[in-house]
Amino acid sequence: MTSEVVVIGGGQAGLAAGYYLRRAGLDFVVLDNQTHAGGSWQDYWPSLHLFSPAEYSRLPGWPMPPWHNRFPPASHVVDYLRAYEKKYELPVRRPVDVKSVQRVEGGYRIDTDGESYETAAVINATGTWSRPFWPSYPGMREFGGTQLHAAHYRTPDMFAGKRVGIIGGGNSAVQILAEVSAVAETLWFTNREPRFLPDDVDGRVLFDVASDRARALASGQRDTGGVAGLGDIVMVPPVRDARDRGVLRARPMFTALTADGVTDGDTSETLDAIVWCTGFRPALHHLRPLHLHADGAGIVLNGNHVRGEPTLMFLGYGDWTGPASATLIGVGRTARAAVDTLSRRGKVDQS
Ligand code: FAD
């Protein structure tokens with residue numbers, strides 16, 4: 001099959017790209033390996049809530065319907081993404097798993113678990129959820145308890161009455177800690193002092209910081225960073241409750257796991273289970289045939305496309321692909337820039 005543009009990934013980033021591709025009148029298709037619409041939001045633990053109100057969690061064109069409480073749950077985002085996809089009649093094919101992308105004359109060939117596609121341009125929007133990151137510590141294999149990544153966490157029930165280590169200093173760690181600590185004894189390990197936002201500040205301030213940064217970069221100013229970052233902890237109600245119960249006490253990271261717990265060399269703690277809330281990496285295995293890594297280093301982007309590949313765009317992976325581009329409100333800006341680049345290029349190529 002042929003298409004001017006193929007978007008790989010039908011989560012929020014792929015849909016934002018679809019919105020602008022449709023507006024630009026380009027011929028495109030979105031390939032997504034999930035059975036249903038909603039991207040990774042449908043796989044999050046059920047109690048997860050956004051850290052900002054619905055009006056700050058919108059894709060381009062159509063705002064997310066308000067939620068009666070301040071912070072909508074993940075299921076509300078899934079409903080929104082499903083409705084968004086329908087509203088704009090985005091041509092998403094699923095489940096279609098992209099296995100590999102290879103260069104061919106005039107563009108790329110995309111091989112999937114079904115059909116193959118030929119295209120002049122690829123927008124890669126595969127997210128990070130399918131690639132949980134596990135750091136490496138001595139003794140990980142010897143530990144006799146349960147080890148789980150946040151990507152596979154669902155509810156706290158399995159930890160009832162146990163002693164559980166929660167690893168990580170971000171919002172996932174704190175939200176999971178908040179609910180596990182209600183049924184189990186928890187020990188919280190972080191490799192830097194956690195940064196808590198004030199109670200009256202929510203995710204909006206983080207987006208504002210990211211927007212300031214985007215504007216500064218666009219006007220050619222030097223990147224000075226911001227006072228708050230997207231990793232800072234938002235004091236959503238369950239997290240405030242955990243603080244009031246006195247369980248938000250971070251301790252420095254241990255240096256090794258033992259058969260029945262963890263140690264820093266001097267002191268040891270016994271643990272029944274460890275939840276690794278240690279983040280994710282971009283899901284890019286299908287791009288391996290393109291050998292995009294420069295001299296063993298990371299993939300280098302030039303604006304929104306891969307250096308040396310003007311029609312291979314990356315979308316939604318975080319600040320790497322544009323300030324706040326891993327968020328609902330931030331991804332629209334990067335999607336628009338990517339599609340603008342492609343349509344300008346199309347016009348140049350046709351002239
Ligand atoms: P995804 O949603 O992961 O979508 C990518 C899609 O591509 C998926 O459907 C995937 O299955 C598919 N795919 C992957 N590989 C292939 C392949 N080879 N072939 C075909 N399809 C493929 N953001 C906010 O804006 N506000 C928040 O409050 C917020 N809270 C968060 C809390 C937590 C705990 C987490 C983990 C994230 C949070 N985020 C929040 C961030 C946001 O959820 C993610 O960054 C966002 O879902 C990423 O969207 P995406 O479209 O890039 O990726």
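Guide: A residue is called buried when its relative accessible area is under 20%, exposed when that area is over 50%, and partly exposed in between, using a 1.4 Å probe and protein chains only. The structure above is a predicted model, in which local features need pLDDT of at least 70 and side-chain atom pairs count only at pLDDT 80 or more, while totals for chains, interfaces and linings use all residues. Residues are numbered from 1 along each chain as its sequence is written, and side-chain values use heavy atoms, with hydrogens and water left out.

Visitor: Is Ser-52 buried or exposed?
Guide: Ser-52 is placed in the loop between β2 (28–31) and α2 (74–87), where helices (H or I, at least four residues) and strands (E, at least two) are DSSP runs numbered from the N terminus. Its side chain joins that of Ser-57 through a polar contact of 3.5 Å, a polar contact being a pair of N or O atoms within 3.5 Å of which, within protein, one must be able to donate a hydrogen and the other to accept it, with residues adjacent in sequence counting only if both atoms are side-chain atoms. Because the relative accessible area of Ser-52 is 3%, this residue is buried.

Visitor: What share of the contacts in the chain with a separation of 6 or more comes from residues 24 or more positions apart?
Guide: The secondary structure of the chain comes to six helices and 17 strands, and buried residues make up 50% of its 351 residues. With contact taken as heavy atoms within 4.5 Å, the share from residues 24 or more positions apart is 64%.

Visitor: How many residues of helix α1 are buried?
Guide: Helix α1 covers residues 12–23, and at 1.5 Å a residue its expected span is 16 Å, which agrees with the 17 Å between its end C-alpha atoms; the expected span is 1.5 Å times one less than the number of residues. Among its buried residues are Gln-12, Ala-13, Tyr-19 and Tyr-20. The helix is largely enclosed by the rest of the structure, because the number of buried residues, out of twelve, is ten.

Visitor: How far apart are the end C-alpha atoms of α2?
Guide: Residues of α2 that are buried include His-76, Tyr-80, Tyr-84 and Glu-85, whereas Ala-83, in the same helix, is partly exposed, with a relative accessible area of 31%. The 14 residues of α2 should span 20 Å at 1.5 Å a residue, in agreement with the separation of its end C-alpha atoms, which is 20 Å.

Visitor: Which residue shares a polar contact of 3.0 Å with the side chain of Arg-94?
Guide: Arg-94 lies in the loop between β3 (92–93) and β4 (98–104), and its side chain makes a polar contact of 2.8 Å with the side chain of Glu-85. Leaving aside neighbours within four places in sequence, the residues in contact with Arg-94 include Gly-10, Thr-35 and His-36. The side chain at 3.0 Å belongs to Asp-32.

Visitor: What is the approximate omega of the peptide bond between Arg-94 and Pro-95?
Guide: Most peptide bonds are trans. Pro-95 is found in the loop between β3 and β4, and the bond that joins Arg-94 to Pro-95 is cis, with an omega of about -5 degrees.

Visitor: Near what value is the phi of Ala-324?
Guide: Most residues other than glycine have a negative phi. His-291, which is exposed at a relative accessible area of 69%, has a positive phi near 50 degrees. Ala-324, in the loop between β17 (309–314) and α6 (328–350), counts as buried at 2% relative accessibility, and its phi, also positive, is near 60 degrees.

Visitor: How much of the accessible area that the ligand has on its own does the protein cover?
Guide: Of the 31 residues around the ligand, Asp-32, Asn-33, Tyr-44, Ala-326 and Leu-328 come nearest, a residue being near if one of its heavy atoms lies within 4 Å. A polar backbone atom of Ala-13 is 2.9 Å from an oxygen atom of the ligand, and an N or O atom in the side chain of Trp-41 is 3.4 Å from an oxygen atom of the ligand. Accessible areas come from the Shrake-Rupley method with a 1.4 Å probe, and for residues only the protein chains shown count as cover; of the 1000 Å² that the ligand has on its own, the protein covers 91%.
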